[in-house]
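Work through the exercises below with the sequence and the structure at hand. Try each task before reading its solution.

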Amino acid sequence: MTRTAITSPNAPEPAGPYSHGVVAAGIVAVAGQVGIDPTTGKLVGDDVTSQTRQAIKNLEAVLLAAGSSLDDVIRIGVFLTEVDDFAAMNEVYAQAVPAPHPARTTVYVGLPPGYVVEVDALAVVAP
């Protein structure tokens, strides 16, 4: 099986030894994206609404670099630091991710200080 690493200048630089995404067998796996503005390298705010919007923009940038899009996503993982942020995240998500909505898992985790949400995805890549 061939794996192809994907990078996008429109997503923040990876913070470790991983790719923005990897394409294999017609699927792109997108690494977790956070609310960092790729032009400034800074978090867009301290609230879940602004960070979720930016994380989804970053996710979309990687999908587009892979030849995919939000319309092609089959699974999304959402990682939140606070249970109380679910409703606000879900509102942004519902507006940003087109129907029919992909399968989704939301879990509560510890992220670095200031980060309140992270989003990853699996999507189909057009042949």
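Helices, of at least four residues, and strands, of at least two, are runs assigned by DSSP and numbered from the N terminus. The model used here is predicted.

**Exercise 1. Place T7 in the chain and decide whether T7 is buried or exposed.**

Solution. Start with the elements around the residue: T7 sits in the loop between β1 (4–6) and β2 (21–24). Next, take the cut-offs: buried means under 20% relative accessible area, and exposed means over 50%. The relative accessibility of T7 is 59%, so T7 counts as exposed. As a last step, look along the chain to H101, which is 94 residues apart from T7; the two C-alpha atoms are separated by 25 Å.

**Exercise 2. Do the same for N58: where is N58, and is N58 buried or exposed?**

Solution. N58 belongs to helix α1 (residues 48–65). Its relative accessibility is 0%, so N58 counts as buried. A24 lies 34 residues apart from N58 along the chain, and 20 Å separates their C-alpha atoms. For the whole protein chain, buried residues make up 39% of the 127 residues.

**Exercise 3. Describe the overall fold of the protein chain: how many helices and strands are there, and in what pattern?**

Solution. First count the elements: the protein chain has two helices and eight strands. Then read them along the sequence, which gives β-β-β-β-β-α-β-α-β-β. The radius of gyration is 14 Å, close to the 14 Å from the globule rule for 127 residues, so the protein chain is as compact as a globular protein of that length. Along the principal axes, the C-alpha atoms fill a box of roughly 40 × 30 × 20 Å.

**Exercise 4. Find the strands that pair with β6 and give the sense of each pairing.**

Solution. Take strand β8 (residues 117–124) to begin with: strand β6 (residues 73–80) pairs with β8 in the antiparallel sense, over seven bridges. In this pairing, L80 is opposite V117. Now take strand β7 (residues 103–108): β6 and β7 pair in the parallel sense, over six bridges. Here G77 is opposite T105, and F79 is opposite V107. Finally, trace the connection from β6 to β7: the chain passes through helix α2 (residues 86–96), and this β-α-β crossover is right-handed.

**Exercise 5. Examine the backbone at P100 and at A25.**

Solution. Begin with the peptide bond between A99 and P100: the bond is cis, with omega about -5°. P100 is in the loop between α2 and β7. Turn then to A25, whose phi is near 50°, a positive value in a residue other than glycine. A25 is in the loop between β2 and β3 (27–33). With 71% relative accessibility, A25 counts as exposed.

**Exercise 6. Characterise the largest pocket: what is its volume, and which residues are closest to its centre?**

Solution. A probe the size of a water molecule, rolled over the atoms, shows where empty space is left. The largest pocket holds about 240 Å³ of space. Of the 14 residues lining the pocket, A15, Y18, G32, V34 and I36 are the closest to its centre. Sorting the lining by residue type gives nine nonpolar, three polar and two charged residues.

How values were computed: Residues numbered from 1 in each chain as written. Predicted model: local features only at pLDDT ≥ 70, side-chain atom pairs only at ≥ 80, totals over all residues. Heavy atoms only, no water. 1 Å grid on protein atoms, 1.4 Å probe; cavity = no way out; pocket = protein on both sides within 12 Å on 5 of 7 lines; lining within 4 Å. Points joined across faces, edges and corners; volume = space filled by probe spheres on them. Nonpolar A, V, L, I, M, F, W, Y, C, P; charged D, E, K, R; others polar. Pairing = 2+ DSSP bridges. Right-handed = clockwise from strand over helix to strand, strands pointing away. Rg over C-alpha atoms; globule rule 2.2 N^0.38 Å. Buried < 20%, exposed > 50% of the residue type's maximum accessible area, 1.4 Å probe, protein only.
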